[in-house]
Amino acid sequence: MSDSKQLVKQLREMTGAGILDCKKYLIKANNDIDEAIKLFRSEAGVKADKKGSRIAAEGIVNFYQNNDSILLLELNSETDFVARDANFIKLAESIAKKLLENNEPEITKEISDDITSGISTLGENIKLRRHLKIKKNNSVYGYSHNNKIASLVELKKDNESLAKDICMQIVASNPLSLDEASIDSNILSSEKEIYKKELEKIDKKEDIKRNILEGKMKKFINDNTLINQPFVKDPSTSIAKIIKDNSIISFTRYEVGEGIEKKTEDFAQEVYNQIS
């Protein structure tokens, strides 16, 4: 392999840039690999600034772990086309590995530089939206469904089979909280007001309306608290019954793009975004 081809190969491996871009950077840098990397990072930064205002509501969520901790992470892209790209998935894995290894939760300059390079390589705005790292002091488990919804659960006692069932329950049923005591009081008040307004339209005695209201609130609490939800594998029982002598310390659920206002774009626009 000629020296120039070897340099292009080396620069591609180090930056992820395309062949033509690598040749361009090397020509400008007079085949100085360090200078070529500086040029790439400089240009990547400009591209990242230009794309920074674009909505990134697609992407992946997944969990990653090492011997000490487990990490839940959401990395966003503009389109699902990029979210399924091997380079994007590798970027998420690389970021997760660095976050797991770091003692501090903050995003390091190295991670920021990796994201900037990813924007330049993949041609879309990329954002590390959120992440959560939990030390393995207790029994902590994760589950991901097609890289689009993922969950973590922390149990008092080790039980991998039970943890998997609970993680799948969290993904499928999206509970608001662990139990009634931990539901946001504002949510309960809001639901109660909605039901009250519905009952105002019904010609029933006040004591009957009160009983209906209590029944509706009880159902809302059971449907939205993990411990009280019907078990998805067997709706005749509840999560509280299947955990038996174990207990849930905490749980977290991420869904790609939840809460982000998304733009509706056609496929042609997605392709345009890749080259603009």
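How many bridges pair S2 and S3, and in which sense, parallel or antiparallel? To find out, start with the whole chain and then work inwards. The model is a predicted one.

**Whole chain**

Show the chain as a cartoon and colour by secondary structure: there are 11 helices and 8 strands. Of the 276 residues in the chain, 40% are buried. Switch to a surface view next. The exposed area comes to about 16,100 Å², and 48% of that area is supplied by carbon and sulfur atoms. Among contacts between residues at least 6 apart in sequence, 61% join residues at least 24 apart.

**The hairpin**

Select residues 58-65, which are strand S1, together with residues 69-77, which are strand S2. The two strands run antiparallel and are joined by 8 bridges. They form a hairpin, with 3 residues between S1 and S2. For one pairing within it, pick Phe63 and look across to S2, where its bridge partner is Leu72. While side chains are on display, one rule helps in reading them: in a regular strand they alternate between the two faces of the sheet.

**The sheet**

Add residues 127-135, strand S3. The opening question can now be settled: S2 and S3 pair over 8 bridges, in the antiparallel sense. Within this pairing, select Asn76 and find its bridge partner in S3, Lys127. Taken together, the strands make an open sheet of 3 strands in the order S1-S2-S3, with antiparallel pairing. S1 and S3 are the edge strands, each pairing on one side only. From one strand to the next, the twist averages 10°.

**The helix across the sheet**

Keep the sheet on screen and select residues 86-101, helix H5. H5 lies across S1, S2 and S3, and its direction is at about 140° to S2.

**An arginine over a ring**

Next, show Arg130 and Tyr254 as sticks. Arg130 lies over the face of the Tyr254 ring, at 4.0 Å from the ring centre. Searching for aromatic pairs yields nothing to select: the whole structure has 0 of them.

**A loop glutamine**

Finally, centre on Gln229, in the loop between helix H9 (206-224) and strand S6 (230-231). Is this residue, Gln229, buried or exposed? Gln229 counts as buried because its relative accessible area is 1%, against a cut-off of under 20%. To see what surrounds it, leave aside the neighbours of Gln229 within four places in sequence and display its other contacts. These include Asn222, Asp223 and Asn224. Also among them are Gln169, Ser173, Asn174 and Pro175, as well as Thr237, Ser238 and Ile239.

Definitions and conventions. Residues numbered from 1 in each chain as written. Predicted model: local features only at pLDDT ≥ 70, side-chain atom pairs only at ≥ 80, totals over all residues. Heavy atoms only, no water. Helix = DSSP H or I, 4+ residues; strand = E, 2+ residues; numbered from the N terminus. Buried < 20%, exposed > 50% of the residue type's maximum accessible area, 1.4 Å probe, protein only. Contact = heavy atoms within 4.5 Å. Areas by Shrake-Rupley, 256 points an atom, 1.4 Å probe, with all protein chains shown as cover. Phe/Tyr/Trp six-rings, centres within 6.5 Å; stacked < 30°, edge-to-face > 60°. Lys NZ or Arg CZ within 6 Å of the ring centre and 35° of its normal. Pairing = 2+ DSSP bridges. Axes fitted to C-alpha atoms, helices over the stretch in contact; angles between N-to-C directions.
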